[in-house]
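Visitor: Could you walk me through this protein, and tell me how each label is earned?
Guide: Gladly. Have a look first, and then ask away.

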Amino acid sequence: FDGRKDTLWKYKEFIPVDESKIVTLEEGGTPFCKCDKLGEELGVNLYVKVEGSNPTGSFKDRGMTVGMTKAMELGVSTVGCASTGNTSASLAAYAARAGLRCIVFLPSGKVALGKLAQAMFHGAEVISINGNFDEALEAMTALALEKHLYLLNSINPFRLEGQKTIGYEILHSLGWQSPDRIILPVGNAGNISAIWKGVSEFYDAGFVDSKPMMTGIQAEGACPITNAFKKHSKEIVPVENPETIATAIRIGAPVSYTKALNAIYDSNGYSETVSDEEILSAQKLLARKEGIGVEPASAASIAGLKKLVEMGEIDKGETVTCVVTGHLLKDPNTAIDACTKPVEVDANLDDLKKLLLNK
Ligand code: F0G
């Protein structure tokens, strides 16, 4: 792979689509930041995979470049998705790039502002559904089954073929070694399934000699997968009215739950919940200690790491990679609400000195 441009297409031999049809915004190749300050505080060797650095600010772009390439191969004219926000932002951008019609269903009032702005601005036909994500996805899937559009939610296997490259990149960045553990937020459960597929493929290819424990974190108010894990079950009980400040993972009936639970069980991994307070405090901790700004759902991975260390589930000295899935600016309202307002003062030296130097 050396000498190739640092996008996920450098692994093209492992991605099953027609190379001549690629629709790309040069996604992937995201930062892999060693976080010594936070790692020392928690007693682990910590790396953070910063997926907010993708073209539209989330990991969804990895799935979308491959999914949209498949759509071109198939010759479809319309693509669609239901979304808690990021998938719609990404789909809208890639559909624009490909020149296809794009329809997105969003749960009314529950999509962070930055994501809504992106979907609208890239020219998607945005429909606000009176209902939650699960209901929006059910409606979108029904339209797709009647062949009115090509579905690009993560139930589409080509989405996972793109997202699995997060796993590839983590192994590659560590010099063809696996971390002991990968921690990430889980919503519709596509991403944990995809990353497990990625690391397993590179393990099977002989590039690494071990695999990570896949550790999925859910919000307390939307945690069907953690509930199943704690009961050692492979079936979920859907959460009827999912609720969390991390709107990206406000999902009660994840479609890829079987793959996700298999990833967790097969890797000797774990699943845990975190509260909204834990999410918000982890979001601030990562921003202020390491300079990495992420949206609330992404901070669930850091909150989960902290909780599992405190529980003794994660051993001291483990090498851990937390995947942070979306950029801070996706949800500016939550960020502003978490801070005190700036002091307003005239640009007068005496006043400024009084304000700043007497602390
Ligand atoms: N983090 C962010 C920022 C997300 O947007 C999502 C999912 C996840 C984590 C969870 O990933 O669903 O693969 O388990 N967002 C979807 C959307 C549901 O519509 O944007 P998952």
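**How the labels are earned**

Guide: Let us start with one residue: asparagine 86 lies in helix α3. Please keep in mind that this is a predicted model.

Visitor: What makes Asn86 part of a listed site, and which residues are listed with Asn86?
Guide: That comes from a record: under "binding site", an unreviewed UniProt entry lists Asn86, Gly187, Asn188, Ala189, Gly190, Asn191 and Thr325.

Visitor: How do you know whether these residues gather at one spot or not?
Guide: Set sequence against space. The listed residues span 240 residues in sequence, yet no two of their C-alpha atoms are more than 14.3 Å apart, so they gather at one spot.

Visitor: Which residues come nearest to the ligand?
Guide: There are 22 residues around the ligand, and Ser83, Gly187, Asn188, Thr325 and Gly326 come nearest. Helices α3 (86-98), α8 (190-204) and α12 each give two or more residues to this shell.

Visitor: How many residues of the shell are polar, and what makes a residue count as polar?
Guide: The shell has 14 polar residues, along with six nonpolar and two charged. Gly counts as polar here, so Gly187 and Gly326, both among the nearest residues, belong to the polar class.

Visitor: What domains does the shell draw on?
Guide: At least three of its residues come from domain 1 (8-58 + 159-337), and at least three from domain 2 (60-154). The centres of domain 1 and domain 2, taken over C-alpha atoms, are 22 Å apart.

Visitor: What makes two residues of these domains count as "in contact"?
Guide: Their C-beta atoms, placed from the backbone, must lie within 7 Å. In this way, 40 residues of domain 1 are in contact with 34 residues of domain 2. On the side of domain 1 that touches domain 2, the elements giving two or more residues are α6 (157-163), α7 (165-173) and α13 (332-337). Helix α6 gives the most, with five residues. By class, this side of domain 1 has 15 nonpolar, 16 polar and nine charged residues.

Visitor: Why are α11 and α12 called roughly perpendicular?
Guide: Helix α11 (residues 276-289) and helix α12 (residues 296-311) pack at an angle of about 95 degrees, with axes 7 Å apart. Angles of 65 to 115 degrees count as roughly perpendicular, and α11 and α12 therefore earn that name. Their contact includes Leu280 and Leu286 of α11 and Ala299 and Ile302 of α12. By class, this contact has 10 nonpolar, one polar and three charged residues.

Key. Residues numbered from 1 in each chain as written. Predicted model: local features only at pLDDT ≥ 70, side-chain atom pairs only at ≥ 80, totals over all residues. Axes fitted to C-alpha atoms, helices over the stretch in contact; angles between N-to-C directions. Helix = DSSP H or I, 4+ residues; strand = E, 2+ residues; numbered from the N terminus. Parallel < 35°, antiparallel > 145°, perpendicular 65-115°, else oblique. Near = placed C-beta within 6 Å. Domains from an automatic or database assignment. UniProt positions renumbered as here; feature names shortened; annotations may be inferred.
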